[in-house]
Amino acid sequence: MDSFLNFAMNSNLSHISPEDHKPTIPVLQGGSRSVVLAPMEDVSDSPFRQMCRNQGADVVYTEFISSEAIIRASEASKHKMVFEEAERPLGIQIFGGREEAMYGAAKVAEANNPDFIDINFGCPVYKIVKKNAGSACLRDPGMMERMAGTVVDATHLPVTVKTRLGWDDQSIRIREIALMLQSVGVKALTVHARTRSQGYKGEARWEYFKYLRDTPGLEIPIIANGDITTPEHARYLFDETGVDGIMIGRATIGNPWIFRVIKHYLETGEKLPSPTIGERLEMCADQLQSSVAHHGERYGVIMMKKHYGNYIKGIRNGKYLRMEIMKKERMEDILELLLNFREEPEPLSRIGVAV
Ligand SMILES: Cc1cc2nc3c(=O)[nH]c(=O)nc-3n(C[C@H](O)[C@H](O)[C@H](O)COP(=O)(O)O)c2cc1C
């Protein structure tokens, strides 16, 4: 691993045993200016979380995990709760529409020894919402209050919440919701600055972060989320809205060095150059190997498919490389393509890529 990849390696964590690990959890500290990796289904798995921590992410979250699947001890849910010590501080994110299931799931999640538990009150997907889970609670703050209180009661770990501005434009009550969550013991709140009705359309409405941070009596840390893609965005949000943390989702996919770039900019005001093509492909190869080690070859290769586009973006002839990679099912074949790739057109045919 070269010096770029070594950035923020967690060497300081390697000697720590599970019992005495408990690092400070930046997202739980007001004014920490933490930069965190968003929970993302089929993206924020353990290999990618490690990658992002190595590149400077202050906190990471698991993909969301169904409380119903957790309490029936499904293999997939157990696997999603597996993490390495080097990923800490880490939150396990759970969702569900039944208090009993959320209570049980919080207990099981706690037994996996994460640093905190996050509740998903933001997922807009219909099949989740129709079971009263995810953003469904935005239509019914009473239900949200009971659900959050249930999870807080179930665990000794800190509980955080991730939600959206409201169900739709007519029901934006994020101030009241934030105060209510604080009153039941939630320790930090992440807000994706869109409504459920918006889905991913339009722009995230960052003006709500200042509005929220200025709420009288609201003490818990606020983490801003939605459309954050550049160091300037990060600085703007910290300086102009007063949020305590920022959470980045889509812009990290195939681009984990975004954490390094943003944190360097926040500290120095300088923009780091992007990693070289060689460094990017090497990082991609590292992630592929970890992905296969974690998921097994078949699923490990599939999980990487979302990431190649950005790792390869902007590289001359990259689209051919990507097309070839997508056809392969064996890790060794993909590694060969990644590590032997040269930007000039000629070597493509030499390494067997059909141009
Ligand atoms: C592929 C994908 C999967 C996601 N899965 C989750 C999830 O499991 N839990 C969650 O709270 N949000 C999930 N989200 C939402 C993101 O965490 C985030 O709120 C959203 O993408 C907006 O942030 P961004 O503009 O930085 O991407 C997901 C988003 C994407 C694109």
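Where is the place of proline 89? Proline 89 sits in the loop between helix 3, residues 75-80, and strand 3. I start there for the peptide bond that leads into it: from arginine 88 to proline 89 the bond is cis, with omega near 0°. Before going on, a reminder that this is a predicted model.

Now the sheet. Eight strands make up an open sheet, and their order is 1-8-7-6-5-4-3-2, with parallel pairing. The edges are taken by strand 1, residues 34-37, and strand 2, residues 60-66. Each of these two has a single partner strand, so one side of each has no neighbour in the sheet. From one strand to the next the twist averages 25°.

Let me take the strand 2 edge. Strand 2 pairs with strand 3, residues 90-95, in the parallel sense, and the pairing runs over five bridges. One residue pair to look at is valine 60, whose bridge partner in strand 3 is leucine 90.

At the other edge, strand 1 is joined to strand 8, residues 245-248, by four bridges, and the two run parallel. Valine 35 has isoleucine 246 in strand 8 as its bridge partner. What about the faces of strand 1? In a regular strand the side chains alternate between the two faces of the sheet. Strand 1 is covered on both faces: Ser34 and Val36 are buried on one side, and Val35 and Leu37 are buried on the other.

Further in, strand 7, residues 222-225, is also covered on both faces. Ile222 and Ala224 are on one side, Ile223 and Asn225 on the other, and all are buried. Strand 7 runs parallel to strand 6, residues 188-192, and four bridges join them. Valine 191 is bridged to alanine 224 in strand 7.

Next, the helix that packs on this sheet. Helix 4 lies across strand 3 and strand 4, the latter being residues 116-121, and runs at about 160° to strand 3. Within helix 4, residues 99-111, I would point to glutamate 110. Is glutamate 110 buried or partly exposed? With 17 other C-beta atoms within 10 Å, glutamate 110 is partly exposed, because being buried takes 20 or more. Leaving out residues up to four places away in sequence, glutamate 110 touches Ile117, Thr155, His156 and Leu157. Glutamate 110 and isoleucine 92 are 18 residues apart in sequence, and their C-alpha atoms are 8.7 Å apart.

Just after that helix comes a backbone point. Asparagine 113, in the loop between helix 4 and strand 4, has a positive phi of about 65° although it is not a glycine. It counts as partly exposed, with 17 C-beta neighbours inside 10 Å. Arginine 33 also has a positive phi, about 50°, and is not a glycine either. Arginine 33 lies in the segment before strand 1 and, with 19 C-beta neighbours inside 10 Å, counts as partly exposed.

On to the ligand. How many residues surround the ligand? There are 21, and the closest are Ala38, Met40, Phe64, Gly249 and Arg250. By class, that shell has nine nonpolar, seven polar and five charged residues.

Now the domains. The chain is divided into domain 1, residues 11-268, and domain 2, residues 277-350. Their centres, taken over C-alpha atoms, are separated by 30 Å. Twelve residues from domain 1 and twelve from domain 2 take part in the contact. On the side of domain 1 that touches domain 2, the residues divide into six nonpolar, four polar and two charged.

Two residues from the C-terminal part of the numbering to finish. Glutamine 287, in helix 11, residues 277-295, is buried, with 22 other C-beta atoms within 10 Å. Not counting residues up to four places away in sequence, glutamine 287 touches Pro47, Phe48, Met51, Met304 and His307. Glutamine 287 and proline 47 are 240 residues apart in sequence, but 6.2 Å apart in space, C-alpha to C-alpha.

For contrast, take asparagine 340 in helix 15, residues 331-340. Asparagine 340 is partly exposed, with 14 other C-beta atoms within 10 Å. Asparagine 340 and glutamate 100 are also 240 residues apart along the chain, yet 53 Å separate their C-alpha atoms.

Definitions and conventions:
Residues are numbered from 1 along each chain as its sequence is written. This is a predicted model: local features need pLDDT of at least 70, side-chain atom pairs count only at pLDDT 80 or more; totals for chains, interfaces and linings use all residues. A residue is buried if 20 or more other C-beta atoms lie within 10 Å of its own, exposed if 12 or fewer, and partly exposed in between; C-beta atoms are placed from the backbone. Two residues are in contact if their C-beta atoms, placed from the backbone, lie within 7 Å. Two strands pair if DSSP finds at least two bridges between them. Axes are lines fitted to C-alpha atoms, for helices over the stretch in contact, and angles run from 0 to 180 degrees between N-to-C directions. Domain bounds come from an automatic or database domain assignment. Ala, Val, Leu, Ile, Met, Phe, Trp, Tyr, Cys and Pro count as nonpolar, Asp, Glu, Lys and Arg as charged, and the others, Gly among them, as polar. A residue is near a molecule or strand if its C-beta atom, placed from the backbone, lies within 6 Å of it.
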